[in-house]
Structure formats: C-alpha cells, structure tokens
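This briefing describes the fold, interior, principal pocket and local backbone geometry of one protein chain. Please consult the sequence and the model shown here alongside the text.

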Amino acid sequence: MTATVRTALHTRPGRVAFAALGAFAVLMAAMSVAATRFHDTYGSGILNLLGARNAAEPRTGGYSADTAYAWLTAFGADGRRDHLLILLLDLPLIAAFTLFTAATLRWATPRARSGLRWTLLAVPLAAAAANLLEDAGLTVLLSAFPVHLDGLAAAVSAVNGLKSGLYSASLLLAVAAAAVRGLALATGRCQSPGPATG
C-alpha cells in the first residue's frame, strides 16, 4: 500500500471506499465476462468458481483432485493458458475488494480503539490472503500439468471454501458497521470527528 493510499485511508476513508467500490464493480464485470466466455469456450468454468459459468451461479462443496484434473484435461493447452490469464485479472479484483472493506470499516469506526479496528480489518485481510494462496496453488497446478499434484489440488479446493467464507464475513462486517454508523449519523448520535470521516 502506497503512502498516498495510507494517508487517504486515514483521512478520507469514505471517499476511498466509494472509489474502491467503483473499481471493484468495473473489475467484477470484467471478470464475469472473462469467466463466462471461458466457460462457454471450454465447457467448464475456472477452478476458482468450482467450474461454474460465473459468480452469478455460485457453487459450494469444493472439488476432488480427480475432478480438478478432469477439468484441466478438458481445457486443453489453450484453456489452461487462458485460465492463467484470468488469474492475473483476479489480482486487482482482490486489491479493490480489500481496499473497499478496509476503508468502509475505517469510516464506520472512527472512534474505535486500535485493537478493535485491527481485529475487524483482519477479516478482509485474511480473505485476501486466502484468495492469493488459492491463486498461487492454481498457478502451480496449471503450470505443472500434466503432472498430477493431487495433494495440492485438494488443498486448493479447501482454501477456496475458506476464502468464500472469509469474503462473506468481510462483506457482512462492512455493511453492518456502515449501517450502524449511518443510522447513528442520521439520528444525530454520532457527530463527524473531522477529516477522518471521508
């Protein structure tokens, strides 16, 4: 995180949250288009989505190593290359979501103690870490094919489930905290502490 972003996150978290949300929406739309096109071209979705067409068709339960390698085989060389390219698009998406949730939590808790604030921020940061770990594991699986790394495939599937849970918790925390702060502002129980409100 650059010094400029850190400063803005501290002094104008509301504005940072809106900007990050806008970036996330654009990147999510691009990811949806890429994932959908991938599914329609190769007959199955990317492993991040458990083979689904896009995020609008969520799946749960993970996948087995046999299923993962059946998909990788069906993708062919072109599909595996395209999957790697989609993983690159995931990086700015991770950054945008993490910045959005972090800025929202910062805006919603202007008077919270540092320990509480860091506890809240730990959830979206953990989600981002799990997502990066999943992407790294998928990169190895795709690059090593046709070598089978069954243990890694099973681990990546497990991380996918953990990631999904952490992202859901992150969004719930951010929305709940923002709703409480907004209600407090609307009813006059929480005055703006100055520039840190964004």
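In what order do the elements of the protein chain run from the N terminus on? In this predicted model, the order is α-α-α-α-α. The chain contains five helices and zero strands. Of its 198 residues, 41% count as buried. Among contacts with a separation of 6 or more, 72% are between residues 24 or more positions apart.

**Helices H2 and H5**

- Helix H2 covers residues 13-42. Its 30 residues should span 44 Å at 1.5 Å a residue, and the 42 Å between its end C-alpha atoms agrees with that value.
- The buried residues of H2 include Pro-13, Gly-14, Val-16, Ala-17 and Ala-20. Further along H2, Leu-27, Met-31, Ala-35, Thr-36, Phe-38, His-39 and Tyr-42 are buried as well.
- Just after H2, Gly-43 has a positive phi of about 85°.
- Helix H5 covers residues 150-186. For its 37 residues, 1.5 Å a residue gives an expected span of 54 Å, and the end C-alpha atoms are 54 Å apart, in agreement.
- Among the buried residues of H5 are Ala-153, Val-156, Ser-157, Val-159, Asn-160 and Lys-163. Tyr-167, Ser-170, Ala-174, Ala-177, Arg-181 and Ala-184 of H5 are buried too.
- H3 and H4 are among what covers the buried residues of H5.
- Just after H5, Gly-188 adopts a positive phi of about 80°.

**Nonpolar cores**

- The largest nonpolar core has 24 residues, of which Leu-47, Tyr-63, Leu-72, Phe-75 and Leu-138 touch the most other members.
- H2, H3, helix H4 (114-144) and H5 each give two or more residues to this core. The most come from H3, which gives 10 residues.
- A second, separate core has seven residues, including Trp-107, Ala-108, Leu-121 and Ala-177.
- Leu-138 is in contact with Leu-47, Asn-48, Tyr-63, His-83, Leu-87 and Val-156, leaving aside neighbours within four places in sequence.
- Phe-75 lies in helix H3. Its relative accessible area is 3%, so Phe-75 counts as buried.
- With neighbours within four places in sequence left aside, Phe-75 is in contact with Phe-38, Tyr-42, Ser-44, Gly-45, Leu-47, Arg-80 and His-83.

**Pairs distant in sequence**

- Phe-75 and His-39 are 36 residues apart in sequence, and their C-alpha atoms are 9.6 Å apart in space.
- Leu-99 also belongs to helix H3. From C-alpha to C-alpha, Leu-99 and Ala-20 are 6.1 Å apart, with their positions 79 residues apart in sequence.
- Is Leu-99 buried or partly exposed? Leu-99 is partly exposed, because its relative accessible area is 25% and the cut-off for buried is under 20%.

**The largest pocket**

- The largest pocket has a volume of about 790 Å³. Of its 31 lining residues, Met-28, Leu-49, Ala-55, Lys-163 and Tyr-167 are the closest to its centre.
- Helices H2 (13-42), H3 (65-108) and H5 (150-186) are the elements that give two or more residues to the lining. H5 provides the largest share, eight residues.
- By class, the lining comprises 16 nonpolar, 11 polar and four charged residues.
- Lys-163 and Tyr-167, named above as being among the closest to the pocket centre, also appear among the buried residues of H5.

**Local backbone geometry**

- Most residues other than glycine have a negative phi, and most peptide bonds are trans.
- Leu-50, in the loop between H2 and H3, has a positive phi near 60° and is a residue other than glycine.
- Is Leu-50 buried or exposed? At 5% relative accessibility, Leu-50 counts as buried.
- The peptide bond that joins Phe-145 and Pro-146 is cis, with omega about 15°. Pro-146 is found in the loop between H4 and H5.

How values were computed. Residues numbered from 1 in each chain as written. Predicted model: local features only at pLDDT ≥ 70, side-chain atom pairs only at ≥ 80, totals over all residues. Heavy atoms only, no water. 1 Å grid on protein atoms, 1.4 Å probe; cavity = no way out; pocket = protein on both sides within 12 Å on 5 of 7 lines; lining within 4 Å. Points joined across faces, edges and corners; volume = space filled by probe spheres on them. Helix = DSSP H or I, 4+ residues; strand = E, 2+ residues; numbered from the N terminus. Nonpolar A, V, L, I, M, F, W, Y, C, P; charged D, E, K, R; others polar. Core = buried A, V, L, I, M, F, W, Y, C linked by side-chain atoms within 4.5 Å. Buried < 20%, exposed > 50% of the residue type's maximum accessible area, 1.4 Å probe, protein only. Contact = heavy atoms within 4.5 Å. Expected span 1.5 Å × (residues − 1).
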